[in-house]
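User: Hey, I've got a model open and want to go through it with you. Can I start with the charged residues?

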Amino acid sequence: MADSALVKKAAAATSPELTEKVIFYFVDHGMQILTAIVLMGIGVFIARWVGNLIHRWLKSRAYDEPVSNLIVKVVKLLIIALIGIMSLGQMGVQITPLIAGIGVAGVGVSLAMQGLLGNLVAGLTIIFSKPFTIGDYIELLGVYGQVTDIALFSTTLLHTDNSLVIVPNRKIVGEILHNYGTIRQLDLTAAVGYGADIALALSLVNTILQQNASVLREPAPVVGIAALNESSIALAIKPWVKVEDFVPTQAAIYQAVLETFRDKKIEYPVPRRDVRLLNPLP
């Protein structure tokens with residue numbers, strides 16, 4: 001009971017002093033506090049204006065909406081933080097130690113999150129420089145696939161077998177990247193014998209490609225003689241297709257070529273070897 005009474009007396013004695021200090025602070029720094037409030041209001045207005053301006057610019061550049069919103073939020077926070085520090089300075093707060101403390105904390109956080117920050121910076125680099133976009137087929141670092149998502153920290157690729165490859169963005173920036181775009185060229189071959197009618201065979205291949213709905217008309221398919229082998233003539237069949245049609249179109253063309261060549265009696269080479277006995281047995 002005695003301790004409780006002492007605490008109440010101390011609180012009663014401290015309360016008027018604290019109230020008096022608060023009143024004196026507001027009286028002495030009234031204009032500064034008012035200026036700080038006005039500054040914060042102006043800062044919020046500027047942050048909104050700059051955010052809307054950046055959002056319109058990102059939208060005109062066809063950036064993804066989630067990424068655009070995140071960038072706008074970061075810019076707004078930076079502007080408000082800067083104006084907030086200026087406002088604290090107007091209120092008489094020593095901002096130099098505060099900035100120094102933020103700097104030290106920032107260095108510590110940066111060292112602890114090097115990989116994460118590296119992915120973030122690389123992600124922003126990819127978003128703004130646009131070495132590839134969603135829907136492109138790319139190949140790098142021994143991995144390949146169609147780009148399905150570009151996030152701030154990683155990029156997602158889709159394989160032809162519907163498996164996903166998640167690539168950290170810091171692994172992409174600065175590496176040699178092969179971007180096929182949204183279309184790919186098939187590299188197919190068909191072998192015919194030396195006695196076959198080459199003109200007829202090439203004409204049949206062109207007809208097959210024209211009848212396949214997945215084969216693009218532009219760029220035009222490339223069809224011709226690829227090589228003269230020991231026992232056959234290799235025909236090159238190189239049509240262009242969309243990325244998603246790459247695998248099924250390849251199978252369809254091969255099947256059509258096989259069936260058509262059989263129907264039209266196009267000679268298919270069978271490997272042959274002549275064996276000579278130098279010392280035949282009696």
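User: Is Asp 187 buried or exposed?

Analyst: Exposed: this is a predicted model, and in it Asp 187 has a relative accessible area of 55%. The cut-off for exposed is over 50%, so Asp 187 qualifies.

User: What does Asp 187 form a salt bridge with?

Analyst: Its partner is Lys 238, and the closest N and O atoms are 3.9 Å apart. The pair links distant parts of the chain, 51 residues apart. Asp 187 sits in the loop between strand E6 (183-185) and strand E7 (188-192), while Lys 238 belongs to strand E9 (residues 233-238).

User: And Lys 238, how does it count for accessibility?

Analyst: Lys 238 is partly exposed, at 29% relative accessibility.

User: How many salt bridges does a search of the whole structure find?

Analyst: One.

User: OK, new topic. Where is Asn 212?

Analyst: Asn 212 is in the loop between helix H6 (198-211) and strand E8 (222-228). Asn 212 counts as buried because its relative accessibility is 15%, and the cut-off for buried is under 20%.

User: Which residues does Asn 212 touch, leaving out those up to four places away in sequence?

Analyst: Arg 217, Thr 249, Ala 252 and Ile 253. Closer in sequence, the Asn 212 side chain also reaches the backbone nitrogen of Ser 214, at 2.9 Å.

User: What about greasy stuff on the outside: which residues form a nonpolar patch on the surface?

Analyst: Leu 34, Val 38, Ile 42, Phe 45, Ile 46, Trp 49 and Leu 53 do, with about 690 Å² of accessible area together. Leu 53 lies in helix H2 (residues 30-60) and is partly exposed, with a relative accessible area of 40%.

User: And the whole surface, what does that come to?

Analyst: About 18,700 Å² is accessible, and 63% of that belongs to carbon and sulfur atoms. Of the 282 residues, 27% are buried.

User: How many helices and strands are there?

Analyst: Seven helices and 10 strands.

User: Which element has the lowest mean pLDDT?

Analyst: Helix H1 (residues 2-28), with a mean of 55; strand E10 (residues 240-242) has the highest, 95. Over residues 6-13 pLDDT stays under 50, and the model has zero contacts there beyond four places in sequence. Where pLDDT is low, the predicted coordinates shouldn't be read in detail.

User: Good to know. What does pLDDT average over the protein?

Analyst: The average is 80, and 74% of the residues score at least 70.

Technical notes. Residues numbered from 1 in each chain as written. Heavy atoms only, no water. Helix = DSSP H or I, 4+ residues; strand = E, 2+ residues; numbered from the N terminus. Buried < 20%, exposed > 50% of the residue type's maximum accessible area, 1.4 Å probe, protein only. Polar contact = N/O pair within 3.5 Å; in protein donor to acceptor, adjacent residues only side chain to side chain. Contact = heavy atoms within 4.5 Å. Patch = residues over 30% accessible without salt bridge, like charges linked within 9 Å, V, L, I, M, F, W, Y side chains within 5 Å. Areas by Shrake-Rupley, 256 points an atom, 1.4 Å probe, with all protein chains shown as cover. Salt bridge = Lys/Arg side-chain N within 4 Å of Asp/Glu carboxyl O. pLDDT = per-residue confidence, 0-100.
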